[in-house]
Amino acid sequence: MARKKIVAGNWKMNLSPAACNELVTALTAKQISLPEHTEVVIAPPYVYIDRVAGLLKDTTGFFVSGQDCHQKTSGAYTGDVSAAMLKALGCKYVILGHSERRGYHREDNALLAEKVNTALAEGLDVIFCCGEPLEIREAGTQNDFVNAQIAESLFHLDGAAMARIVIAYEPIWAIGTGKTATSAQAQDMHANIRSVVAGKYGQEAADNTTILYGGSCNAQNAQELFAQPDIDGGLIGGAALKADDFAAIIAAR
Ligand code: PGA
C-alpha cells in the first residue's frame, strides 16, 4: 500500500470571514486534480469550519481539520470545542500538539495522549505535531526529544488506532521564522521517526505512516523537501494563506 501524501494548510488565527471565502473560492477555482493517495487538508479557525466544509464539499481530495480539540467529550469547559463538534461539522482531521498549543497553552505529552484518545474515539483522524526548540537542536538531542513526544502521546495506541495518526514534524525554530530546516535535517528526523514507529508497530505500519514536514515550508522550498524519501507532504502555515502559494505547494507534492 502506498502511503498517503498530504498537504495541509494551518490557518492559525488568521483571515476575516470574507478573506476566508475568497481564499477557498480561489483554491477551488483552480480545479486542482490530485494524484492518487494524495489529500489536501485545510485547518481554519473553528468559526470558519462550517463554511469551509460547505465550500469544499464538491472538491475531491480536499478535507477540513480542526486546529485543536478538548480532551473531554463535553461539559463545562467555557471557550473550548469538542472533537464531536468538529466531526459533526465535517472535519476529517484534528491537529493536536502544535507547538503553539504546547507553548501558549502549556499542553504536555500526557494531556495530548488524552486528546488523541478522545479525537480518535469521536471519529477524527489526528495530525500529531512534534518538534524540538532551538536549544535542543543546538545540543544535538533532537531525536531523543521528538521520540519522547511521540512515545508519551501515541505509543499507548494499538496498531489500528496508530494507523489513523499522521505525524507532523515541525522544528519550533523553523515555524514562522523563514528559517526552514534543510531537506537533509528534515529527512534525518523523518527517518528517525519512521524507525521508532517501526520499532513499536513493525516495519509495515511504519511504511504506511504519513510524516509531514512543517516550518517555513513555501512554494520555493516545498519541492526539495517533498522529494526526500521520508517526507510525505507538509503542514503549511503562512504560505497556506495565499491561494497561489498553497496551490504551488500542492503541485510540488
Ligand atoms: P509556518 O507554520 O509555515 O508559517 O512556519 C507552520 C505551522 O506552524 O504549522
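**Exercise 1. Glu107 and its surroundings**

Determine whether Glu107 is buried or exposed in this predicted model, and identify the residues in contact with Glu107.

*Solution.*
Step 1. The relative accessible area of Glu107 is 6%. Buried means under 20%, so Glu107 counts as buried.
Step 2. Glu107 is placed in the loop between helix 4 and helix 5 (109-121).
Step 3. When neighbours within four places in sequence are set aside, the contacts of Glu107 are Asp68, Arg101, Arg102, Leu112 and Lys115.
Step 4. One of these contacts, Arg101, forms a salt bridge with Glu107 through the side chains, at 3.1 Å from N to O.
Step 5. A residue far along the chain may serve for orientation: Ala251 is 144 residues from Glu107, and the C-alpha atoms of the two are separated by 34 Å.

**Exercise 2. The salt bridge of Arg101 and Asp68**

State what distance separates N and O in the salt bridge between Arg101 and Asp68, and explain which parts of the chain this pair ties together.

*Solution.*
Step 1. The N to O distance between the two side chains is 3.3 Å. A salt bridge requires a distance within 4 Å, so the pair qualifies.
Step 2. Arg101 belongs to helix 4 (residues 99-104), while Asp68 sits in the loop between strand 3 (62-66) and helix 3 (83-88); the pair therefore ties together parts that are 33 residues apart in sequence.
Step 3. The partners can also be described by their accessibility. Arg101 is partly exposed at 22% relative accessible area, whereas Asp68 is buried at 4%.
Step 4. Arg101 also meets the side chain of Glu107 in a salt bridge, and Glu107 is buried.

**Exercise 3. A network of charged side chains**

Find where Asp232 and Arg194 lie in the chain, and name the residues that salt bridges join into one network with them.

*Solution.*
Step 1. The side chains of Asp232 and Arg194 form a salt bridge of 2.9 Å, N to O.
Step 2. Asp232 lies in the loop between helix 11 (222-226) and strand 8 (233-236), and Arg194 lies in helix 9 (residues 183-201); the pair links distant parts of the chain, 38 residues apart.
Step 3. Both Asp232 and Arg194 are buried.
Step 4. Through shared partners, salt bridges join Arg3, Lys5, Arg194, Asp230 and Asp232 into one network.
Step 5. The count of salt bridges comes to 15.

**Exercise 4. The position of Pro44**

Establish in which loop Pro44 lies and which residues Pro44 touches.

*Solution.*
Step 1. Pro44 is located in the loop between strand 2 (38-43) and helix 2 (46-55).
Step 2. With a relative accessible area of 0%, Pro44 is buried.
Step 3. Residues up to four places away in sequence are not counted; Pro44 then touches Trp11, Ile49, Val52, Val64, Ser65 and Gln67.
Step 4. For comparison with a position elsewhere, His70 is 26 residues from Pro44 in sequence and 16 Å away in space, C-alpha to C-alpha.

**Exercise 5. Two residues with positive phi**

Give the approximate phi of His37 and of Ser216, and state whether each is buried or partly exposed.

*Solution.*
Step 1. Most residues other than glycine have a negative phi.
Step 2. His37 is not a glycine, yet its phi is positive, about 60°. The residue His37 is found in the loop between helix 1 (17-29) and strand 2, and at 40% relative accessibility His37 is partly exposed.
Step 3. Ser216, likewise not a glycine, has a positive phi of about 55°. Its place is in the loop between strand 7 (211-214) and helix 11, and Ser216 is buried, with a relative accessible area of 17%.

**Exercise 6. The chain as a whole**

Decide how the radius of gyration of the chain agrees with that of a compact globule, and describe the chain in overall terms.

*Solution.*
Step 1. A compact globule of 253 residues would have a radius of gyration near 18 Å; the chain has 17 Å, which agrees.
Step 2. Along the principal axes, the C-alpha atoms fill a box of roughly 45 × 45 × 35 Å.
Step 3. The chain contains twelve helices and eight strands, and 53% of its 253 residues count as buried.
Step 4. Among contacts with a separation of 6 or more, 72% are between residues 24 or more positions apart.
Step 5. The exposed area is about 11,000 Å², of which carbon and sulfur atoms supply 52%.
Step 6. There are 21 positive and 28 negative side chains, and the centres of these two sets lie 3 Å apart.

Definitions and conventions:
Residues are numbered from 1 along each chain as its sequence is written. This is a predicted model: local features need pLDDT of at least 70, side-chain atom pairs count only at pLDDT 80 or more; totals for chains, interfaces and linings use all residues. Side-chain values use heavy atoms; hydrogens and water are left out. Helices (H or I, at least four residues) and strands (E, at least two) are DSSP runs, numbered from the N terminus. Buried means under 20% relative accessible area, exposed over 50%, partly exposed in between (1.4 Å probe, protein chains only). The radius of gyration is taken over C-alpha atoms; the globule rule is 2.2 Å times the number of residues to the power 0.38. Contact means heavy atoms within 4.5 Å. Accessible areas come from the Shrake-Rupley method with a 1.4 Å probe; for residues, only the protein chains shown count as cover. Lys and Arg count as positive and Asp and Glu as negative; His and the chain ends are not counted. The place of a charge is taken as NZ of Lys, CZ of Arg, CG of Asp or CD of Glu.
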